Amino acid sequence: MSSVTVDHIPAGEGHAHDTPKGWRRWLFATNHKDIGTMYLVFSLAMLFEGGVLALLLRTELFSPGLQFFQPELFNQFTTMHGLIMIFGSIMPAFVGFANWMIPLQIGASDMAFARMNNFSFWLLPIGATLFTVSFFVPGGANAAGWTMYAPLTLQMGPGMDFTIFAVHILGASSIMGAINIIVTVLNMRAPGMTMMKMPLFCWTWLITAYLLLAIMPVLAAAVTMLLTDRHFGTAFFNAAAGGDPVLYQHVFWFFGHPEVYVMILPAFGIISAVIPAFSRKPLFGYPSMVYATAAIAILSFLVWAHHMFTTGMPITGQLYFMYATMLISIPTGVKIFNWVATMWRGALTFETPMLWGIGFLFVFVIGGFTGLIVAVAPVDIAVHDTYYIIAHFHYVMVAGSLFAMYAGAYYWLPKWTGTMYDEKLGKLHFWSSMISFNITFFPMHFLGLAGMPRRYADYAAQFTDFNMMATIGAFWFGFSQLILVWVVIKAVRGRGEPAPARPWDGATGLEWTVPSPAPHHTFETPPEVK
Amino acid sequence: MKTLRGVLGAGALALWSGLACAQVQDMPGGPRVNQLNLTGGVTEIARSIQWLHWMLLIVCAVIFIGVFGTVIYSIIMHRRSRHPVPAKFHEHLGVEIAWTVVPFIIVVGMALPATRTVVAMKDTTNADLTVKVTGYQWKWGYEYVDGPAQGVKFLSTLATPRAQIEGKEPRGPYYLMEVDQPLVVPVNKKVRIVLTSNDVIHAWMVPDFGVKQDAMPGFLRDTWFRAEQTGTFRGQCAELCGKDHAFMPIVVKVVEQAEYDQWAATQVSALAGAGDDAGKVWESADLVASGEKVYASHCVACHQANGQGMPPVFPALDGSEAYVLAPMKEQILTVLNGHPGTAMAAFRDQLNNTEIASVITYTRNAWSNAGKGEDPVVQPSDVLALR
């Protein structure tokens, strides 16, 4: 099927309109590599914006009492840190990886819908601007938490409307990105590139794209109901007029739980490329990896209310959502075991991407285990809305998604820039981030178990020491990320060894058959995959 | 720039707080200094949650050690310098089935005892005493539905002075976890807590009881505890409820039955004595004086001590043409019924006619409002007429 639908660029047209120069190259970009680069640069910038917000709130939390920020501003920091990291940084970064790597990995010349690709990127700066500007409107930004629970959201000022509008725009961008990825993966594979030969990154993104298509409209519905409740007199969430605040939570988490997997499945794909490459051994259990990914995706739609154990669900609801959630640990475990078996009796080397890969395994498994622990409803009720939850999801989102992206970034940077990155700086970045990450987030488990609630601008003095540790770790972690910027700038400027087409001797896949840096147009004639 | 300032500030604070911290002691009924794990608390539920957590933690730790033992063995023994020729295998049906089935069995083993606890936590039947708990921005309201204290109701607000929060005074031993009037319950009695909220979602959490339950505006939810020891137990609001989310703690005093009965009798007789005489006509100065106190405990968080509020979310009362300087009717109705769609709560059930009349009179005579507008004095009878 794929062989007949591969797009052949007619002779003479391929290079006739080659790279436009200057700002036009970026504003009118239709090339998947240029758009991928823009996605990655944008998400890195947003990582720093969200990171600065995190450091501001950690500054306030360094010691008990209110020293720097009043609670209403503090709540804006926590809320916007979450929204910006999720919608501005992690999701766009993975779409950037997909743009760059999926066509190269399946032997396609570009993404299926080049102009829609351009549009879906350029919506992002608009959404990000709305998020950022909302701090400066009367009443400030949304301060109701990234989950935007009604009816607190109904009390917010115009900053909330900025958030709602931004979420709509970023959601539209995600939907277009997802459509593009699905069509590209299904229709534009090179001859012989059957589904079960695709690199796992393409598989995980294909499944992720379906998740996005299913859930982004649900989020749009939830925030639209907030909007009409706020301004147009509806009462979806107002009990006095027949609404129900818990309805919001059901709708939100029907989006919110699969969203967690949107942010981790592509990471699984990256890790499934990096670990085999540096173990010099094929990925163990490829088919079971595909099935496990699909199983996780399906289960992710069936477990949303485990975020709501304290809302007072009926006993059957609590038991069902507890059992279903615990089941997710099984396909996730299969993935971990497969990666470990891939390393077993390989010929391992520990370049920076592999360090991030192993580092990912280590911290992600901690986040996975705390996930299993909070799946158990009675324990969840004890730690719900405490710092234990903050620790849990940062172990999954920072140590899972972000560390996997770093593994991928170092792994493919030679392909993107044509220059080997600075290995010493890369390793420094890894060790510095890994240590400071754990100093920041590990003590939060203790805080949560001891009962410190999240989203608190001030806390009982008994919690002081671990909060101090977390703040010191957070600043260390934040500043460690500047090393990455330095590594990338050096590589982009060509300061380093020129990279060969396949800089990693264990790496497999079509992306390593093209020169480094990857030429502007690749696979204009589809490669033959045996 | 802001970040840099934060770093410097944090560094300077480290020295100062390092000294302050040395004196912090464990808080009885609250968190211990650097507490590492869940508390076993004083109820069977809290103990079984703690047991479940230990069980899960140990199982997870054993698996973790197994998995990362293997990884570390690979890292040492299968590095290229020692093991230059990689093996070729990439599947093994038996192993793959094993590591799917064995975790399934482990998960079922974890779920069984958890199920028992879920069932026990949800069983709110046969309570000895029922208390209705209402969440307000930002305080808790308690009302005894049955038992010797039936009909007793009061609000419970943070007792930590603002000066401690702002660092102008040394922090007390119960910093942020003390209230003016705690909930009082008898020991060894099953207490059913029925929750609702007046505005947004709050959550009533007391770690020592193993209880955390959201309070939903417009709906009732329930939970229960049976404290097995006397003492004072402390918790905090656990669901983001706006700016003073961190400042609405929960304090429960568990006492012997005899002491409880005595407490209930005093409360009930106080209830009978504290009549709200709506017919009384007050002097303006007296209303202003008592109104200032009401303002300080119920209004100041949003509308601020200087009456400037925090626009646009919390409007100013100073110079407010629409309400405070207008005829009294709109203002009385707003205080009684709240303003739907905003943070302005309905105070109809929180304050009596005299309190509402005095706080309104206070706002009409405070700041730059004095001498302006109509109806400078509002009497309890005016409030009663619109209630």
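Colleague: How far apart should the ends of helix α12 in chain A be?

Modeller: The general idea is to allow 1.5 Å a residue. In this predicted model, α12 of chain A covers residues 352-375, which is 24 residues, so a span of 34 Å is expected. Its end C-alpha atoms lie 34 Å apart, which agrees.

Colleague: And is α12(A) enclosed by the rest of the structure or not, and how do I tell?

Modeller: Count neighbours: a residue is buried if 20 or more other C-beta atoms lie within 10 Å of its own. For α12(A), 23 of the 24 residues are buried, so the helix is largely enclosed by the rest of the structure. Over chain A, buried residues make up 65% of the 530 residues.

Colleague: What is chain A built from?

Modeller: Just tally the elements. Chain A has 16 helices and 0 strands. Its radius of gyration is 23 Å, close to the 24 Å from the globule rule for 530 residues, so chain A is as compact as a globular protein of that length. The C-alpha trace spans about 65 × 50 × 45 Å along its principal axes.

Colleague: How many residues of chain A are in contact with chain B?

Modeller: For an interface, look at who touches whom. Here 95 residues of chain A are in contact with 98 residues of chain B. Several helices of chain A each supply at least two residues to that side, including α3 (32-60), α4 (71-106) and α12. The largest share, 15 residues, comes from α11(A).

Colleague: Which classes of residue make up that side of chain A?

Modeller: Sort them by class: 62 are nonpolar, 25 polar and 8 charged.

Technical notes. Residues numbered from 1 in each chain as written. Chains lettered and ligands numbered in written order. Predicted model: local features only at pLDDT ≥ 70, side-chain atom pairs only at ≥ 80, totals over all residues. Helix = DSSP H or I, 4+ residues; strand = E, 2+ residues; numbered from the N terminus. Expected span 1.5 Å × (residues − 1). Buried ≥ 20, exposed ≤ 12 C-beta atoms within 10 Å, placed from the backbone. Contact = placed C-beta atoms within 7 Å. Nonpolar A, V, L, I, M, F, W, Y, C, P; charged D, E, K, R; others polar. Rg over C-alpha atoms; globule rule 2.2 N^0.38 Å.
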